[in-house]
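Please open the structure in your viewer and keep the selection panel at hand. The tour below goes from stop to stop, saying at each one what to select and what is found there.

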Amino acid sequence: MKRILVAGGAGFLGSNLCKRLVADEDNYVIALDNLLTGKERNIQPLMSLDNFEFIRGDVMDPVEFDVDQIYNAACPASPPAYQKDPINTTKTSVLGAINLLELAKRKNARYLQFSTSEVYGDAKVHPQPEEYWGNVNPIGLRSCYDEGKRCAESLCFDYWRQCGVDIKVIRIFNTYGPNMDPNDGRVISNFIIQALKGEDITVYGTGMQTRSFCYVDDLIEGIVRVMNNTEKGFVGPVNLGNPGEFNMLELAEKVIAFTGSNSKLRYCKLPSDDPVQRKPDISLAKEKLEWEPVVRLDDGLVKTIEYYRGIIG
């Protein structure tokens, strides 16, 4: 069996990845998570499977597993979560990457780093291609996450060049779907929960800032394709996201319509360093992976709303 470690395996993306991987009976999946932001409920349906194992642990500590592949999804990813303890966020990104890359080096395992579109910062190039170096504030409130991920990418490439570690790096754009924490703090979860509760929907700034939203099943498909790509020299970084672009007012209107809510819009001050535009250039993923999203935003929102109805009552 192929032994696979998913660090951050109880989180939103990690748990969906574990669900996908255990569907192949030739895989044995180990989910490692300290449950700081991950939730056991996300992986509860997998606990009884013979090819799944959950270990509560922290990537900031050295780890030792016999594995063939390592997915590093370990790090708080929503602004409220990573700003709550910014020092811990940076340490998770940097020390976590070091510990897992060292494991990959010892075990001759392939390592895939979950990076983020936030490495592009408040981008001056639109849409954002992988060649763009970004426009990031290194000392702002979001820097713990943005710069932590940029450092993790740097470490990956240094371990590849200096130590010969088999790496892959992906940059994930806004993703949504089941297992996203209702208190996640990102826009889709915020809008849906507020609408389901009949509360005012919080729109920051003018609401004209844009995001591109990728349904989680599409993203997981792309991630697995990156990990299993065998083309020599193809290590990334590679953008994974949905290039369909929507402003916040359009999103709010959709959520209100699909939930049948009477919620009104409430405008608030735009948060510090919040990007004005975010849209991936996925040309590389199309070329190398024959991948692009297939789930429409409307369809994904309906599935996500159903999930949230089920957990908040």
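Begin by selecting Ile 170 together with Val 238, which is its bridge partner in β11. In this predicted model, these residues belong to a longer contact, for strand β6 (residues 167-172) and β11 pair in the parallel sense over three bridges.

Next, select helix α5, residues 143-163, which packs on the sheet and touches both β5 (110-116) and β6. If you turn the view until β5 can be followed from end to end, you can compare the two directions, since that of α5 makes about 155° with that of β5.

Now show the strands alone. They form an open sheet of seven strands with parallel pairing, and the order to follow across it is β3-β2-β1-β4-β5-β6-β11. At the edges are β3 (52-56) and β11 (238-240), each of which pairs on one side only. Neighbouring strands of this sheet are turned by 20° against each other on average, direction ignored.

Go back to α5 and display the side chains of Phe 157 and Trp 160, which both lie in this helix, three residues apart, or about one turn. The structure holds six aromatic pairs. In the pair of Phe 157 and Trp 160, the ring centres are 5.8 Å apart and the planes stand at 85°, so the pair is edge-to-face.

The following stops concern the backbone. Most residues other than glycine have a negative phi, and most peptide bonds are trans. Select His 126 and Pro 127, where the peptide bond from the one to the other is cis, with omega near -10°; Pro 127 is found in the loop between β5 and α5. Then move to Gly 236 and Pro 237, whose peptide bond is also cis, here with omega near 0°, and note that Pro 237 lies in the loop between α7 and β11. In the loop between α4 (86-107) and β5 you will find Asn 108, a residue other than glycine with a positive phi, near 55°.

For the last stop, turn to the second largest pocket, which holds about 290 Å³ of space. Which residues are the closest to its centre? Select Ser 15, Asn 16, Lys 19, Pro 178 and Asn 179, which have that place among the 13 lining residues. Helices α1 (12-22), α2 (40-43) and α7 (216-228) each supply at least two residues of the lining, and α1 gives the most, with four. Coloured by class, the lining shows five nonpolar, four polar and four charged residues.

How values were computed. Residues numbered from 1 in each chain as written. Predicted model: local features only at pLDDT ≥ 70, side-chain atom pairs only at ≥ 80, totals over all residues. Heavy atoms only, no water. 1 Å grid on protein atoms, 1.4 Å probe; cavity = no way out; pocket = protein on both sides within 12 Å on 5 of 7 lines; lining within 4 Å. Points joined across faces, edges and corners; volume = space filled by probe spheres on them. Nonpolar A, V, L, I, M, F, W, Y, C, P; charged D, E, K, R; others polar. Pairing = 2+ DSSP bridges. Axes fitted to C-alpha atoms, helices over the stretch in contact; angles between N-to-C directions. Contact = heavy atoms within 4.5 Å. Phe/Tyr/Trp six-rings, centres within 6.5 Å; stacked < 30°, edge-to-face > 60°.
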